Structures are given as structure tokens and as C-alpha cells.
Amino acid sequence: MSFAEAIAAQPAWVGIWLNVLLAGGFVLPLALFIWRETRLAALFAVLGNVVNMFGVQWLFAKLGYVKLLGLPHILMWGPLVVYLVVLARRPTTRVWPRRVIWVIVTILSISLAFDIVDVLRWILGERAAFELPA
């Protein structure tokens with residue numbers, strides 16, 4: 001089964017969440033290229049997402065559809081979220097980029113909560129692949 005097929009076999013809410021994540025975690029950071037003070041954050045987000053994509057695909061190819069697939073998200077998005085929060089709290093960051101940043105931070109943080117739980121469960125021994133419907 002391919003990664004796309006494994007994702008498609010998940011419950012409907014997972015597909016809905018992945019669309020929200022795509023919009024807020026992958027597309028919305030592109031808006032940060034508009035403002036000079038957030039262009040570096042946009043670049044970090046884009047590069048982090050590319051690394052995430054390759055990391056998840058590599059882990060899937062090596063281990064299958066397991067809870068460890070959240071590890072690249074933790075490694076890339078964890079520091080990105082911290083950086084974005086610091087940037088959003090700067091008094092020099094304008095209102096609209098700040099709003100965009102907080103939406104991105106919210107969406108990535110929700111995803112990170114799922115990922116942290118999954119990776120911790122994997123570390124604690126829950127290594128079986130996700131059960132997928134036939």
C-alpha cells in the first residue's frame with residue numbers, strides 16, 4: 001500500500017484534518033513572503049515542509065504506516081512554532097502578518113500534539129503499524 005492509499009484509508013475526520021493542515025501549515029506560510037519582516041519565517045516554513053515531506057516518505061518506506069511518522073514534524077515544526085511565536089510577539093511585527101502567524105502556530109501546534117503522542121507511544125513500545133481497513 002502506498003502512503004497516499006494509507007492516508008485515504010483513514011477515517012473521514014483524518015482527511016478533513018489533513019486538508020486543514022495543508023491549508024494552514026503548507027499554503028498559509030507562503031503568505032508570509034508578502035511582508036519583509038516575515039520572509040525568513042516563510043523560508044523556514046517552506047524548507048521545513050520539504051524536509052517533512054521527504055522524512056515522512058522515507059520513514060514510511062522503511063517502517064510502514066507507524067506512529068513514528070510524526071517525528072519529522074516534531075523536528076521541523078517544533079522549532080518553527082517557537083520561532084513563529086517569538087516573531088509574532090515582537091512589537092515591530094505588523095497586525096496582518098501576526099494574525100497569519102497565529103493561525104499557522106495554532107494549526108501546527110494541534111498537529112504537533114497528535115505527533116508527540118504518537119511518537120511517545122512508539123518510543124514506549126507501540127510499534128505495530130496502524131490498522132487499515134481492507
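## A buried aromatic pair

Phe 60 is buried in this predicted model. Its relative accessibility is 14%. The cut-off for buried is under 20%, so a value of 14% falls on the buried side. Tyr 65 is buried too, because its relative accessibility is 11%.

These two residues form an aromatic pair. Their ring centres lie 6.4 Å apart, and their planes meet at 70°. That makes the pair edge-to-face. Phe 3 joins Phe 60 and Tyr 65 in one aromatic cluster.

## A pair across the chain

How many aromatic pairs does the structure hold? The count is seven. One of them joins Trp 13 and Phe 114, with ring centres 6.0 Å apart. The planes stand at 35°, so this pair is tilted. The tilted class covers angles that are neither under 30 degrees nor over 60.

The two partners are distant in the chain. Trp 13 sits in helix α2, while Phe 114 belongs to helix α5, which spans residues 95-123. They are 101 residues apart. Trp 13 is exposed, at 52% relative accessible area. Phe 114 is partly exposed, at 42%.

## Charges over rings

Two arginines sit over tryptophan rings. Arg 99 lies over the face of Trp 96, at 4.7 Å from the ring centre. The charged end of Arg 127 sits over the ring of Trp 122. Here the distance to the centre is 3.9 Å.

## A salt-bridge network

The structure has four salt bridges. One joins the side chains of Asp 118 and Lys 67, with 3.7 Å from N to O. Asp 118 lies in helix α5, and Lys 67 lies in the loop between α3 and α4. The pair therefore ties together parts that are 51 residues apart in sequence. Both Asp 118 and Lys 67 are buried. For Lys 67, the relative accessible area is 9%.

Lys 67 also meets Glu 126 in a salt bridge, again at 3.7 Å from N to O. Glu 126 lies in the segment after α5, so this bridge ties together parts that are 59 residues apart. Buried or partly exposed: which is Glu 126? Glu 126 is partly exposed, at 34% relative accessibility.

Glu 126 has another partner, Arg 121. Their salt bridge measures 2.8 Å from N to O. Arg 121 is partly exposed, at 38% relative accessibility. Lys 67, Asp 118, Arg 121 and Glu 126 are thus linked in a network of salt bridges.

## A buried histidine

His 73 lies in helix α4, which covers residues 71-89. His 73 is buried, with a relative accessible area of 15%. What does His 73 touch, leaving aside residues up to four places away in sequence? The contacts are Asn 52, Val 56, Gly 78, Leu 112 and Asp 115.

## A nonpolar patch on the surface

The surface carries a nonpolar patch of about 700 Å². Its members are Leu 22, Val 27, Leu 30, Phe 33, Leu 40, Leu 43, Phe 44 and Leu 47. Helices α2 (12-27) and α3 (39-63) each supply at least two of these residues. The largest share, four residues, comes from α3.

Leu 43 is one of the patch members, and its place is in helix α3. Its relative accessible area is 37%, so Leu 43 counts as partly exposed. Patch residues need over 30% relative accessible area, and Leu 43 has 37%.

Note on methods. Residues are numbered from 1 along each chain as its sequence is written. This is a predicted model: local features need pLDDT of at least 70, side-chain atom pairs count only at pLDDT 80 or more; totals for chains, interfaces and linings use all residues. Side-chain values use heavy atoms; hydrogens and water are left out. Patches are made of residues with over 30% relative accessible area and no salt bridge: like charges are joined within 9 Å, nonpolar side chains (Val, Leu, Ile, Met, Phe, Trp, Tyr) within 5 Å. Accessible areas come from the Shrake-Rupley method with a 1.4 Å probe; for residues, only the protein chains shown count as cover. Helices (H or I, at least four residues) and strands (E, at least two) are DSSP runs, numbered from the N terminus. Buried means under 20% relative accessible area, exposed over 50%, partly exposed in between (1.4 Å probe, protein chains only). Rings of Phe, Tyr and Trp (its six-membered ring) pair if their centres lie within 6.5 Å; planes under 30 degrees apart count as stacked, over 60 as edge-to-face and the rest as tilted. A charge sits over a ring if NZ of Lys or CZ of Arg is within 6 Å of the ring centre and within 35 degrees of the ring normal. Contact means heavy atoms within 4.5 Å.
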